[in-house]
Amino acid sequence: MFFVSCYYDNEEALYPVLNNLCDTTNVTYSGTIFPILNNSCLGCHSVSATGGSILLSTYAEVVGSAPRITGSIKQLPGFFAMPKNGGKLKSCSITQWDIWVRNGMQNN
Ligand code: HEC
């Protein structure tokens, strides 16, 4: 009983540390951006009927919608907040998106 409670406390203490690990140096389309979109967006945005006609499956589609994506994932006024009905992306993912855009949206 005591051990379980101690272990739980330790895990809680570790959680914010794990949460703060954000890779901001190796941000690529294939290794970073596509996995984020695949996890949180493509369920709706690979079929136009469910994603409000915005498709995000391919590199070209993502580049074409990049300014709208930025507004939507930051949930800025004037944009539909995304992921729809799904809260907000982790701040690390939003930071990585910004880095990818700032680096010229490379197809890497
Ligand atoms: C549950 C389905 C669903 C998910 C998940 C989802 N979207 Fe959407 N998205 C929509 C629909 C539907 C619209 C059309 C606007 C509306 O009805 O809200 C839309 C609109 C958009 C738009 C246009 C917004 C604008 O203001 O012009 C962008 C960009 C977008 N989504 C990006 C994303 C991104 C990026 C993700 C993942 C982080 C995502 N969406 C996740 C369904 C979804």
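User: What makes up the lining of the largest cavity?

Analyst: In this predicted model, the lining consists of Ile 33, Ile 36, Leu 37, Cys 41, Ile 69, Ile 73, Leu 89, Ser 93, Ile 94 and Trp 97. Helix 2 (29-40), helix 5 (66-73) and helix 6 (91-102) each give two or more residues to this lining; helices are DSSP runs of H or I with at least four residues, numbered from the N terminus. Residues are numbered from 1 along each chain as its sequence is written. Local features need pLDDT of at least 70 and side-chain atom pairs count only at pLDDT 80 or more, while totals for chains, interfaces and linings use all residues, and side-chain values use heavy atoms, with hydrogens and water left out.

User: Why is this space called a cavity, and how many of 30 Å³ or more does the search find?

Analyst: On a 1 Å grid over the protein atoms alone, a cavity is a set of points where a 1.4 Å probe fits but cannot get out, and lining residues have an atom within 4 Å of a point. The search of the whole structure finds one cavity of 30 Å³ or more. The largest cavity has a volume of about 60 Å³, counted as the space filled by probe spheres set on the grid points.

User: Which residues come nearest to the ligand?

Analyst: A residue counts as near if one of its heavy atoms lies within 4 Å of the molecule. Of the 19 residues around the ligand, Cys 41, Cys 44, His 45, Arg 68 and Met 82 come nearest. Helix 5 gives the most to this shell, with four residues.

User: What makes the approach of His 45 to the ligand a polar contact?

Analyst: A polar contact is a pair of N or O atoms within 3.5 Å. A side-chain N or O atom of His 45 is 2.7 Å from a nitrogen atom of the ligand, so the pair meets the definition. Two oxygen contacts can be set beside it: a backbone N or O atom of Phe 80 lies 3.0 Å from an oxygen atom of the ligand, and a polar side-chain atom of Lys 84 lies 2.8 Å from an oxygen atom of the ligand. Helix 3 (42-45) and helix 5 are the elements that give two or more residues to the shell.

User: How do you know that Asp 98 and Lys 74 meet in a salt bridge?

Analyst: A salt bridge requires a side-chain nitrogen of Lys or Arg within 4 Å of a carboxyl oxygen of Asp or Glu. For Asp 98 and Lys 74 the N to O distance is 3.0 Å, and the pair therefore qualifies. Asp 98 lies in helix 6 and Lys 74 in the loop between helix 5 and helix 6, so the pair ties together parts that are 24 residues apart in sequence. The structure holds one salt bridge.

Key
On a 1 Å grid over the protein atoms alone, a cavity is a set of points where a 1.4 Å probe fits but cannot get out, and a pocket is an open set with protein on both sides within 12 Å along at least five of seven lines; lining residues have an atom within 4 Å of a point. A polar contact is a pair of N or O atoms within 3.5 Å; within protein, one must be able to donate a hydrogen and the other to accept it, and residues adjacent in sequence count only if both atoms are side-chain atoms.
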